[in-house]
Amino acid sequence: MVQAPRPARPRVAVTRELPDAIAARMGELFDTSFNQSDEAMDRAALLAAVADCDVLVPTVTDTIDADLIAAAGERLKLIANFGSGVNHIDLKAARARGIVVTNTPGVLTEDTADMTMALIVSVPRRLAEGEKLVRSGQWKGWSPGGMLGHRIGGKKLGIVGMGRIGQAVARRARAFGLSIHYHNRHRLPEVVEAELGAAWHGDLDAMLREIDILTIHTPLNEESRDLIDARRIGLLGPQVYLINASRGGIVDEEAMVDALETGRLAGAGLDVWRFEPQIDPRLLALPNVVMTPHMGSATYEGRHATGEKVIANIRFWADGHRPPDQVLEGWM
């Protein structure tokens, strides 16, 4: 549906430092104000930004809650998120104010899948431990029993969330000899299952009892928050490695740490945490946990592609059209 034209040069507020080329292009096309530092805006700065803009461009580090949206000026009509996840935006509050929300799906799929596969390999093979050993100067050379880990070929990989990223992970994992099992709200078409060699489990609990490696690729929302809770962590066997490059809030972090400390989980590969950048000190002390700083999507190519999608969404909106990446009600 074509809507009334918006300002030809909408006032755009950007909350984080963006790649130079993207910032330059946004400055050419829009009346843009930028956060000139690589630090997240504080609450006061966010309130000032939403008070006087047509478009807000936030990131995952910004909390765009109902109170902030209520305090926004009447001219704010588009929240063009820089990133695919929108769990930091109160979608209901935005809809109630007639504010369109967009995201940037698809552009980070391969990057995140690469990072996930790296974690799947690195935890059982103890790559982080080995790297630290070499750097410490304590390594005494090869030995038959030195740095033994577990092969991943022949193991069962359980994927929670079989969207773009889950399927990209499955393709990579199959090449490593893993058998693919998945839980999703909806079963994939048979032709896709055949391509991926994937077996669907309608019952998440049943899948958790069978697998050797669990990787999470579902968005964080009210349905998925604490999806892998203490009870479900208890269903995983002591041989299981837990991988999370999605969102920290999907896993009960306290229960996960307890299971890792007591040997009820074999290890974990984590790119996200519940309270990031704060990390539970107990995790830092565990040798069987590989940790990366929320860098699953951190490639030059991915950041530029994300910025281009943000620009496209703003331009479509400014021209009176529905943005191609509008987040609809019921988004997961």
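1. Let's start with L265. Setting aside residues up to four places away in sequence, L265 is in contact with I233, L236, G237, P238, V240, L242, M256, A259, L260 and N288. Please keep in mind that this is a predicted model.

2. L265 also belongs to a bigger picture. It is one of the residues with the most contacts inside the largest nonpolar core, together with L214, I228, L242, M256 and L283. That core has 29 residues. At least two residues of this core come from each of α9 (204-210), β9 (213-216), α10 (230-235), α11 (253-261) and β11 (267-270). The element that gives the most is α11, with five residues. As background, nonpolar side chains in soluble globular proteins tend to be buried together.

3. Another core lies apart from the largest one. This other core has 24 residues, including A170, V192, Y241 and V290.

4. Helix α7 deserves a look of its own, and A170 is one of its buried residues. The others are G166, Q167, A168, V169, R172 and A173. Among the elements covering the buried residues of α7 are α5 (109-122), β6 (156-160), β7 (179-183), α8 (190-196) and β9.

5. Here is a geometry check you may enjoy. Helix α7 runs over residues 164-175, and at 1.5 Å a residue its 12 residues should span 16 Å. The C-alpha atoms at its ends are 17 Å apart, which agrees with that expectation. Just after α7, G177 takes a positive phi of about 90 degrees.

6. Now for the empty space. How many cavities of 30 Å³ or more does a search of the whole structure find? The search finds two. The largest cavity has a volume of about 50 Å³, and the second largest has a volume of about 40 Å³.

7. The largest cavity is lined by N244, G248, V251, E253, M256, L270, V272, W273 and R274. By type, this lining divides into five nonpolar, two polar and two charged residues. M256 links back to the earlier points: this lining residue is also among those with the most contacts inside the largest nonpolar core, and it is in contact with L265.

8. The second largest cavity is lined by S122, V123, R126, L127, A128, E129, P287, N288, V289 and V290. Here the split is six nonpolar, two polar and two charged residues. Both α6 (127-136) and β12 (289-291) supply at least two residues of the lining, and α6 has the largest share, with three. Two names recur from above: N288 is in contact with L265, and V290 is part of the core of 24 residues.

How values were computed: Residues are numbered from 1 along each chain as its sequence is written. This is a predicted model: local features need pLDDT of at least 70, side-chain atom pairs count only at pLDDT 80 or more; totals for chains, interfaces and linings use all residues. Side-chain values use heavy atoms; hydrogens and water are left out. On a 1 Å grid over the protein atoms alone, a cavity is a set of points where a 1.4 Å probe fits but cannot get out, and a pocket is an open set with protein on both sides within 12 Å along at least five of seven lines; lining residues have an atom within 4 Å of a point. Grid points are joined across faces, edges and corners, and a volume is the space filled by probe spheres set on the points. Ala, Val, Leu, Ile, Met, Phe, Trp, Tyr, Cys and Pro count as nonpolar, Asp, Glu, Lys and Arg as charged, and the others, Gly among them, as polar. Helices (H or I, at least four residues) and strands (E, at least two) are DSSP runs, numbered from the N terminus. A nonpolar core is a set of buried Ala, Val, Leu, Ile, Met, Phe, Trp, Tyr and Cys residues joined through side-chain atoms within 4.5 Å. Buried means under 20% relative accessible area, exposed over 50%, partly exposed in between (1.4 Å probe, protein chains only). Contact means heavy atoms within 4.5 Å. The expected span of a helix is 1.5 Å times one less than its number of residues.
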